[in-house]
Structure formats: structure tokens, C-alpha cells
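Me: I would like to go through this model term by term, asking each time what lies behind the label. Please set each value against its definition before you conclude.

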Amino acid sequence: MKNSMSKILVTGGLGYIGSHTVVELHNQGYEIIIVDDLSNTSLDVLKRINKITNSSINYVNLDLKNVEATKIFISENNDIDGVIHFAASKAVGESVDNPLKYYINNISSLTNLLNELKDLNKKINFIFSSSATVYGKPINVPITELEPIKNAESPYGNTKQIGEEIIRDLVNSNSNFKAISLRYFNPIGAHLSAMIGELPIGVPQNLVPYITQTAIGIRKELTVFGNDYLTIDGSCLRDYIHVVDLAKAHIKSLDKLISNDDKNYYDTFNIGTGKGTSVLELIKSFENVTGNKLNFKIGDRRKGDVAECFADVSKANKFLNWNSEFSVEDSLLSSWNWEKNINNEKL
Ligand code: WQD
């Protein structure tokens, strides 16, 4: 089996993007161990991953904030070759209300993990789950990796900026580490089996889960947060990327790190489709692919939203040999199939 010699640790591997990445890692023949503290997911996701992959992926319940537990885990798994680090809190709004939770969870989990990996004194390929939010309000769109990093718009975004800097500085100081930070734009969609997807916990803050919950009747109507922006139809443009395409970008990044002999290699890549879609265009697409008329109204702008945010993905295309393959319509249909599956309703 290809890559069976490489053991990959996936932190937060039972989360939305983590679970899809574990499936793709398995498909490529990697040996995998998942850690997750189940703070924002459930063990049911592991059962679903095992069903999709027809296997039994190794999993350990671990809170990376716990220094002692992390030390023991890494000492018992000192043959790790690569790490994909998803484990973090990721709700922008919550981070504004409770910044300390985000700095404690997102930063100390990362520093504890890196500190134990460093003490293994072996080559480590590290991939960091970052976000386009590190750019703040973009000066130019489409956004390239040269876009200036500005003051973060939220404590969540700041933890991603700080995380990138911690990893960059570690790589510069320690030739055992090579790393890539992937800056995600707007992940949407679900695995084609409709067995894993974005777990609905509380009222969705993101657009697509709110759309599918409105369509299935859990929410009464969607509010479009403003249609008076200077865009094609007045609503905000975003770069909606299928979560499976995003997962595959992690595999390509791992391949890149494993094959790359440059000492102290560190780089960042935008992961998106390279295409901007407005909220109103997305609603229209959803109605077209599902045949459901969506109940929505136009409301006030949401604080902190920018008019346009979509990626220039030429660097990832060229240097990771990666490109998105699914269309926004594919993504929306997969989100809808996932919504129907978890509600066990055949509308
Ligand atoms: C998309 C568009 C809203 C909900 C966020 C995080 C970012 C990343 C991805 C983690 C915006 C509009 C939304 C609704 C609406 N997460 N909208 N009605 O804000 O682009 O990015 O998720 O890394 O860090 O900031 O995504 O889905 O919240 O909003 O009109 O009920 O949909 O105004 O224009 P966003 P989103």
C-alpha cells in the first residue's frame, strides 16, 4: 500500500474537515491515528468514518490542553511522521464573546503538541489548519498569499495568525520540522456518501447549514445579511469550496512535505475554488439543484462582514499540484443530501 510507511496524527480528526481528511488519508494508504477531545463532535463520527472506509481507524480521546496527557500520548506514538492539526475552536462570534477560551484552547493546544513533537528529535511534517480570516479585510481580490496580514477581525482569526507565526518560528529554529499552513476560504458540502458532514450544533452561524436547515424546515426562513454591498447583486461574495476538495489539499500538502528535502521548509497556501459566489447566487443555485424554493428575506448587514473574499489559488495549483474539482452546485447538493440523511427524511 502506498504511504503505509507514514504514520499520520490527525488532531481534531472527528471534526468537519478532519473527518473528511481522515477518509482521504485512508484512501491513500496512510496509517492514521486520530485524537479528539469530543468537545465539538461525537464518537458517532468515528463509526461513520469506519463504515465509509470499511476499516477501524485508531482513535484516542485526548485534550491537547492537558500537558501531561499530551506528553504520554506522544511518547506512546513516537513513530509519527506527519501531523495534520485541526483541533481548535472555530466560531468567530463566540471568540468575540469569550476570547480567553480561544487563546487557551487554540494556542496552548498547539504549543503543547509542538513541544512534545520537538522532543522526539525526529523529522516531522506538520500541516496547520489556518483560514483566510488571517487576511482581515482584503485590499485586493482575488486574494493571493502576498495579501498583507492585517489586524485580525476576531480573536479566532488572531489565534490563526499567531498559530502560523509559532509554526514558522519553530521551523526556522528546528530543521526537524517542515510545515505548511493551509488558509481555507469557505468550506461547504459533505462526503458523497452523506454519512459525514458539518455537524449541526446549535443555531448555524454559517450560510450553507442555515440554508439546508431552512429548506428542511428546522429554521423558518434565512436572513440574507445585506444586499447593499458594491457587488454584482448587492450581496457578499465568498469562495465556497467542497470539503472533499479541501481534504484532498491536505493529502497533496503531505505529499509535498514528504517529498521536499528543503531544510526548514515552511509555506502558506490559499485553498479555495478561485471563484466568488454571492449569497443570492448561492441561494439560486441551491434552489436549482434541489428543486426547493428557499424561504428568505433581506436583513441588515452583519458586523464584520466584508463585501468580497475569494482566493487566487494559482500557488496551490502550481506548487501542490492541487485544484478544486467540485462545483458549488455539487457542494450544495452534497450538503442537502447530508441534511436529509441526518434528519432521516426523504422530502
Ligand atoms: C458567508 C456569507 C454572510 C449566514 C466564516 C468565518 C471564517 C471561516 C468560514 C473558519 C456572508 C452571509 C451568513 C446567514 C447570511 N470559518 N450569511 N445569512 O463569514 O464568510 O466566514 O466561515 O475558518 O473564519 O468568518 O462565512 O457562512 O458565516 O457567511 O446572509 O444566516 O453569508 O453575511 O456574506 P464567512 P458565513
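Reply: Two residues are in contact when heavy atoms lie within 4.5 Å, and helices (H or I, at least four residues) and strands (E, at least two) are DSSP runs numbered from the N terminus. This is a predicted model, in which local features need pLDDT of at least 70 and side-chain atom pairs count only at pLDDT 80 or more, while totals for chains, interfaces and linings use all residues. Residues are numbered from 1 along each chain as its sequence is written, and side-chain values use heavy atoms, with hydrogens and water left out.

Me: What do the buried residues of helix 9 pack against?

Reply: They pack against helix 7 (207–216), strand 8 (222–225), strand 10 (240–242), strand 12 (277–278), strand 13 (296–299) and helix 11 (328–342). The buried residues of helix 9 are V279, L282, I283, S285, F286, E287 and T290.

Me: Why does S285 count as buried?

Reply: Buried means under 20% relative accessible area, exposed over 50% and partly exposed in between (1.4 Å probe, protein chains only); S285 has a relative accessibility of 11%, and therefore counts as buried. S285 belongs to helix 9 (residues 279–290), and, with neighbours within four places in sequence left aside, S285 is in contact with E329 and L332.

Me: How do you know that the span of helix 9 agrees with its number of residues?

Reply: The expected span is 1.5 Å times one less than the number of residues. For the 12 residues of helix 9 that gives 16 Å, and the end C-alpha atoms are 16 Å apart, so the two values agree. Just after helix 9, G291 takes a positive phi of about 75°.

Me: How does helix 5 (residues 99–118) fare by the expected 1.5 Å a residue?

Reply: Helix 5 has 20 residues and reaches 28 Å from its first C-alpha to its last, close to the 28 Å expected. Its buried residues include Y102, N105, N106, I107 and L117.

Me: What makes strand 4 (residues 82–85) covered on both faces?

Reply: G82 and I84 on one side are buried, and so are V83 and H85 on the other.

Me: How do you know that strand 4 pairs with strand 5 (residues 124–131)?

Reply: Two strands pair if DSSP finds at least two bridges between them, and four bridges join strand 4 to strand 5, the two running parallel. Four bridges likewise join strand 4 to strand 1 (residues 7–11), again in parallel. I84 takes part in both pairings, as the bridge partner of V10 and standing opposite I127 in strand 5.

Me: Which strands are the edge strands of the open sheet ordered 12-9-14?

Reply: This sheet of three strands has mixed pairing, and its edge strands are strand 12 and strand 14 (308–309), each of which pairs on one side only. Strand 9 (residues 237–238) and strand 14 run parallel and are joined by two bridges, with L237 having E308 as its bridge partner.

Me: What makes the approach of R238 to the ligand a polar contact?

Reply: A polar contact is a pair of N or O atoms within 3.5 Å; within protein, one must be able to donate a hydrogen and the other to accept it, and residues adjacent in sequence count only if both atoms are side-chain atoms. An N or O atom in the side chain of R238 is 2.7 Å from an oxygen atom of the ligand, which is within the 3.5 Å limit. A polar side-chain atom of N186 lies 3.0 Å from a ligand oxygen atom, and for a backbone N or O atom of Q205 the distance is 3.4 Å.
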